[in-house]
Amino acid sequence: MSPLTIGNRLAKNVAVQSSSDRPNCLTSGHRACQGCGEALGARCVLDAAYVATKGKIAVVNATGCLEVFSCVYPENSWRVPWLHSLFGNAPAVAAGVAAAFRQQGKEDVRVIAQGGDGALADIGMGCLSGMFERDDDVLCVCYDNQAYMNTGVQRSGATPAFARTATTLPTGNYLGNDAQTGKNLPKIAMAHGIPYVATASVGDIRDLEKKAAKAIRIKGAKYLHVHVPCPLGWGYPTSETIKIARAAIQCGLFPLFEAEHGKIVESTPIKEPIKVEDYLRGQRRFAHLFGKNAPPEALAALQNTADNNIREYALVGGADE
Amino acid sequence: MLHQLEGSHAIARALALCRPGVVCAYPISPQTHILEGLEELIRSGKLQNCEYLNVESEMGALSVAIGGEAAGVRSYTATSSQGLLYMIEAVYNASGLELPIVMTLGNRALGSPINIWNDHSDAMSVRDSGWIMFFAETNQEAADLHILAFGIAEKVRCPVIVNVDGFILTHAYDRVDIPSQEEVDEFLPPYAPSVSMDVDSPIAIGTMVPPEYFMEVRHLAHRKHEDSLAMIECAGHAFEEKFGRISGGLLRGYNLRNADTIVVAMGSVAGTIKDAVDELNQEGGKFGELSLVCYRPFPEEALRNSLKNAKRVIVVEKSLAVGIGGILSREIELAMKGCDVEVISVIAGLGGRNITKTMLKECFGRKNHEKTTFLGLRNDIIGDQYRRISNDDC
Amino acid sequence: MNKPFATVLGPSTSLSNKTGSWRTMRPEYVKMLPPCNATCPAGEDIQQWLSFSQEGRFREAWDVMVKDNPFPATMGRICYHTCEKACNRGQFDGAVNINLIERSIGDIAIANEWKFGTAPEAKKKILIIGGGPSGLSAAYFLRKLGYGVTVYESNVKLGGMMRYGVPRYRLPGDIMDAEIRRIIDLGVEVVCSKRVRSVREEICGFDAVYIAVGAYRAAKTSAEIADGANVMDAVDLFRKLEDAASSLPDFGKKVVVYGGGNTAIDAARTVLRLGAESVKIVYRRTINNLSAHETEIHDALAEGIEIMCLRTIDSVEKGKVLLSVMSYDEENDILSKTDKTDWLPADSVIFAIGQSLDEGILKEMSEISVSEQGVIEIDKNMMTGAKGIFAGGDAIMGKRTVTHAIGSGKKAAKCIDAYLQGQEPMANVKNQTATFKRLNTVYFSQDPRVDVSRLGDISFEEKDISYSDREIVAEASRCFSCGNCFHCDNCYGYCPDNAIRKHPDGSLEINLDYCKGCGICVAECPCGSMKMTLDE
């Protein structure tokens with residue numbers, strides 16, 4: 001069995017990211033922090049889409065880290081047609097782009113709207129929902145780092161329960177972000193009944209590429225939710241981005257699945273299940289859950305979320321369990 | 001060809017002749033009939049190669065237009081009042097990105113209190129946004145300005161707002177000459193953007209610009225506006241030559257020669273003013289009227305030339321800058337600096353208040369004016385209210 | 001294009017922003033010594049030939065093998081494969097079956113008659129005394145270095161302990177012969193049945209001599225041997241078995257073998273094949289202390305051989321042996337006799353308690369000294385006290401396995417070459433060994449080792465267990481490539497800054513212009529072939 005690495009000198013079907021002539025849609029010289037999961041995620045998604053469409057993609061980017069670190073005059077890191085308008089309107093702008101291409105007979109140019117969880121789960125949710133509802137021919141990609149990183153790690157609607165952010169500092173009995181699960185954007189997307197919704201992670205690049213390549217070819221509205229750890233905001237060493245992303249998958253807190261027309265059609269099974277603690281422990285944003293006086297309920301609640309995911313998405317032992 | 005049309009439908013038909021590719025809007029009174037008209041033209045096949053997107057908000061509407069325009073297609077939207085405020089972030093964005101979108105603003109008051117009727121408060125809220133702004137006097141001009149707007153926007157690479165008085169024009173039926181497609185095609189060349197999203201030439205549009213370059217970006221936007229004045233004037237002449245009537249341009253004067261008092265206004269109220277001026281002149285007065293067709297860029301020099309011989313300039317304006325008063329009047333006052341002209345501000349028609357010829361005649365005929373006159377203000381109401389709002393503490 | 005100022009930019013202009021300046025640590029590719037290679041007595045580059053095997057490039061794999069060992073098919077059978085004990089995959093789901101891959105590829109080479117090619121014209125002449133694994137290994141390497149080589153072998157056939165110390169069911173004669181033939185075909189002069197009485201007599205005309213006479217003289221037993229007792233020596237038995245001219249000794253029906261090494265097991269299994277009805281191995285320590293290889297012990301037990309531990313032979317009489325029960329303090333390694341004794345019926349007793357050097361050939365060579373342990377003393381370059389006379393294999397101090405002997409022959413060849421060129425031998429610079437801790441095993445799936453039993457019928461026929469081509473590829477693909485890049489592209493694929501370049505030939509290079517030093521590449525390297533170092 002060949003190793004589950006990005007490439008493999010012996011195998012033909014390897015990741016786009018292992019190809020020596022991969023497009024590098026996001027090229028070097030960008031200003032992302034060391035170990036940025038979002039920079040990696042964006043390159044992987046766009047490269048996969050680029051290869052799948054033979055270079056025919058156009059990208060609309062919401063305001064946020066990704067936009068700020070990639071395109072500050074006079075330095076542009078993009079190698080694809082790219083448009084940044086505002087924080088909350090990327091899906092609508094992309095809908096306009098898609099309509100314009102259609103009117104010019106250029107449907108073969110596939111349109112991507114991308115942004116962070118703040119841009120899509122919060123401020124841009126209206127535009128996103130509208131794009132879904134109209135079934136615009138747009139792939140929306142959310143790079144979910146679970147807070148407003150660009151402005152200094154404030155809480156977003158997608159911030160997980162008990163996470164410490166600049167606006168949810170644990171003090172006294174307050175255990176960080178309120179005990180909710182964070183806005184579940186993939187499920188919201190599914191509720192629109194759009195042709196394709198999938199979750200992916202930089203912790204599983206092959207899976208991510210497969211989904212991006214599949215999504216970009218589908219006509220109509222598509223949504224891809226990509227988990228991208230943030231060393232700065234989450235508080236872990238820059239070298240551990242992939243390890244943390246992998247742990248989120250393995251513990252069940254970030255389930256990988258695909259849904260078509262509102263129904264789950266595929267889940268990526270967890271290779272070796274771990275406890276949520278093994279995912280949380282390495283991150284400073286959850287450090288208060290491991291202190292001497294930390295109440296055990298918090299960890300139990302998060303474990304419960306993970307267990308529910310494992311059941312709901314049949315992440316362990318196949319769909320029959 | 002002449003048609004008896006509602007203003008909104010006249011606009012829709014003129015727009016269709018401009019061959020837009022992407023049309024999108026979110027319904028708000030009084031702009032709705034324009035969309036309905038366009039939608040019908042598209043669905044019936046009268047307007048082809050155009051897509052109508054029903055969006056979830058005004059933010060979405062202008063954003064779709066931004067996308068459409070950036071991807072190389074003539075894009076259009078329309079809104080009013082609160083809708084404009086809701087999309088205002090995108091308003092600034094579209095001009096900053098130099099996207100020649102055309103937007104109709106069915107002028108309406110801003111709340112609160114909520115009020116759906118006409119004034120120019122909405123237009124004034126985006127007067128510094130970098131868009132070119134025209135005001136239509138009649139249904140005919142409303143239709144014509146749209147035909148002019150696309151060409152100007154695309155030449156200047158700047159979005160254009162065509163202001164059309166809500167209800168007064170949008171919902172009023174009038175005789176409108178709708179040119180033929182051939183005529184419009186001859187006048188308005190197909191859209192050929194110099195910059196657009198293209199896989200063969202992958203550019204990035206909408207960079208972040210740091211302090212070292214930001215001033216220059218803004219300065220150039222200003223310079224571009226100033227430079228476009230001549231072009232806008234030219235376009236007006238070209239329109240007259242092609243279609244045989246006067247629409248657009250910078251200004252339009254009425255009875256200016258020998259006028260001591262010139263009344264300046266924007267939009268449909270000019271018609272009533274002209275009637276008042278006519279009657280006052282018949283009674284021996286020396287009145288003229290000047291319509292400001294192009295509000296942004298502000299035609300300062302043309303205004304000076306038109307007004308410099310007057311003794312008095314009365315500005316009838318349908319908006320109020322709370323805390324300071326008239327907006328247009330102050331801009332004109334600045335433009336007239338150094339001339340011996342008294343500039344009087346008359347705030348009129350807020351929230352759809354009737355402006356009648358009688359009221360105007362009375363007002364223009366006064367010898368003395370307050371600094372800011374509120375036309376037709378109901379003193380029976382405000383007397384008591386002054387006491388309520390006065391602050392006795394200091 | 002009439003682009004607006006600043007708000008519109010062409011592609012890739014950020015390449016002017018050299019983000020490498022942010023870096024405080026930098027990644028580096030390293031080449032480490034895989035544990036298999038590190039422990040191989042012949043110094044084989046196992047990882048490299050496994051790598052070729054993964055690609056089905058068996059010829060290249062074999063070429064790599066024979067760079068260090070001219071006997072792949074032989075060693076693939078009788079090497080005790082320390083490599084597999086060291087294999088890091090052992091800590092995951094079972095070591096790679098290196099030995100069986102070597103055997104399988106060795107067999108492919110024989111079947112396809114792959115040769116070593118031609119050796120350069122002979123310049124100087126070397127005499128090798130002893131045609132066993134060490135002598136033949138030295139002959140091979142020296143011949144390839146361009147020396148004329150003459151081998152004197154006292155036995156009728158070449159092979160030494162491979163032939164006379166290993167039974168044929170473990171190493172078929174045709175396999176061994178084919179691999180020896182390949183060496184001879186390089187142009188090695190061989191004189192068999194030539195018993196060298198004294199080295200002194202033979203050195204004339206040679207530029208250097210390599211003594212690889214092995215250790216043949218059976219060790220003396222302290223047991224009392226009564227008259228009429230049927231005793232014999234294991235090595236002697238094997239030799240008689242190989243020598244067509246010799247007749248086999250009569251060992252009766254009940255045989256006792258004394259000893260705990262591989263030779264004891266080999267002897268026991270051999271007499272079982274020759275018709276003995278009961279074979280018992282008597283050993284002084286516990287079963288855990290047997291020095292024989294565990295698969296050999298396992299196979300012997302499976303064939304019905306009994307191992308009697310904690311027993312020593314006091315005396316041998318006709319038809320029986322007297323055993324003393326031993327007590328062994330494992331912690332302090334103290335072995336002592338108890339009072340208990342026991343008679344055991346035995347038609348014959350075979351001693352397999354070790355062999356020693358026959359010092360006879362060294363007479364008149366006072367410069368060459370023999371140590372207290374009875375082995376030839378050499379310096380660090382394998383030269384004896386006599387200039388130009390080298391020694392190796394079982395005749396010197398060290399482990400007495402065929403693999404060690406081959407390694408010893410290889411080293412001797414290197415030393416002789418250096419000596420004749422008036423140089424010091426090139427130091428063998430070894431990289432740090434790649435430990436299991438360096439690996440990131442999440443990228444490997446569980447694919448447990450499948451052991452292949454060598455146990456067949458009780459006969460002298462070898463069981464055919466060689467892998468098919470496909471099986472070779474599959475098993476070789478289990479290699480973790482510890483400490484050496486195997487081109488998985490994780491570093492390239494995971495770098496958020498595209499700071500690793502992949503050239504069309506697959507080679508990778510760190511682009512320090514853009515590397516911010518995050519360390520993801522190092523963390524995600526499955527085989528530990530990258531490390532972070534402080535940036536200057």
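Accessible areas are computed here by the Shrake-Rupley method with a 1.4 Å probe, and for residues only the protein chains shown count as cover. The model is predicted, so local features need pLDDT of at least 70 and side-chain atom pairs count only at pLDDT 80 or more, while totals for chains, interfaces and linings use all residues. Residues are numbered from 1 along each chain as its sequence is written, chains are lettered from A and ligands numbered from 1 in the order in which they are written, and side-chain values use heavy atoms, with hydrogens and water left out.

**Exercise 1. Describe the surface and the charges of chain B.**

Step 1: The accessible surface of chain B comes to about 16600 Å², and 51% of this belongs to carbon and sulfur atoms.

Step 2: Counting Lys and Arg as positive and Asp and Glu as negative, with His and the chain ends not counted, we find 36 positive and 52 negative side chains in chain B. Placing each charge at NZ of Lys, CZ of Arg, CG of Asp or CD of Glu, the centres of the two sets in chain B lie 5 Å apart.

**Exercise 2. Decide how compact chain B is.**

Step 1: Chain B holds 14 helices and 16 strands, where helices (H or I, at least four residues) and strands (E, at least two) are DSSP runs numbered from the N terminus.

Step 2: The radius of gyration is taken over C-alpha atoms, and the globule rule is 2.2 Å times the number of residues to the power 0.38. For the 394 residues of chain B the rule gives 21 Å, and the radius of gyration is 21 Å, so chain B is as compact as a globular protein of that length.

Step 3: Of these 394 residues, 58% count as buried, which stands for under 20% relative accessible area, whereas exposed stands for over 50% and partly exposed for what lies in between (1.4 Å probe, protein chains only).

**Exercise 3. Examine helix 5 of chain A.**

Step 1: Helix 5 of chain A covers residues 125-134, and 7 of its 10 residues are buried, so this helix is largely enclosed by the rest of the structure.

Step 2: Among the buried residues of the helix are A:M125, A:L128 and A:F132.

Step 3: The helix is followed by A:D135, whose phi is positive, near 55 degrees.

Step 4: For the setting, chain A as a whole has 11 helices and 10 strands, and 64% of its 321 residues count as buried.
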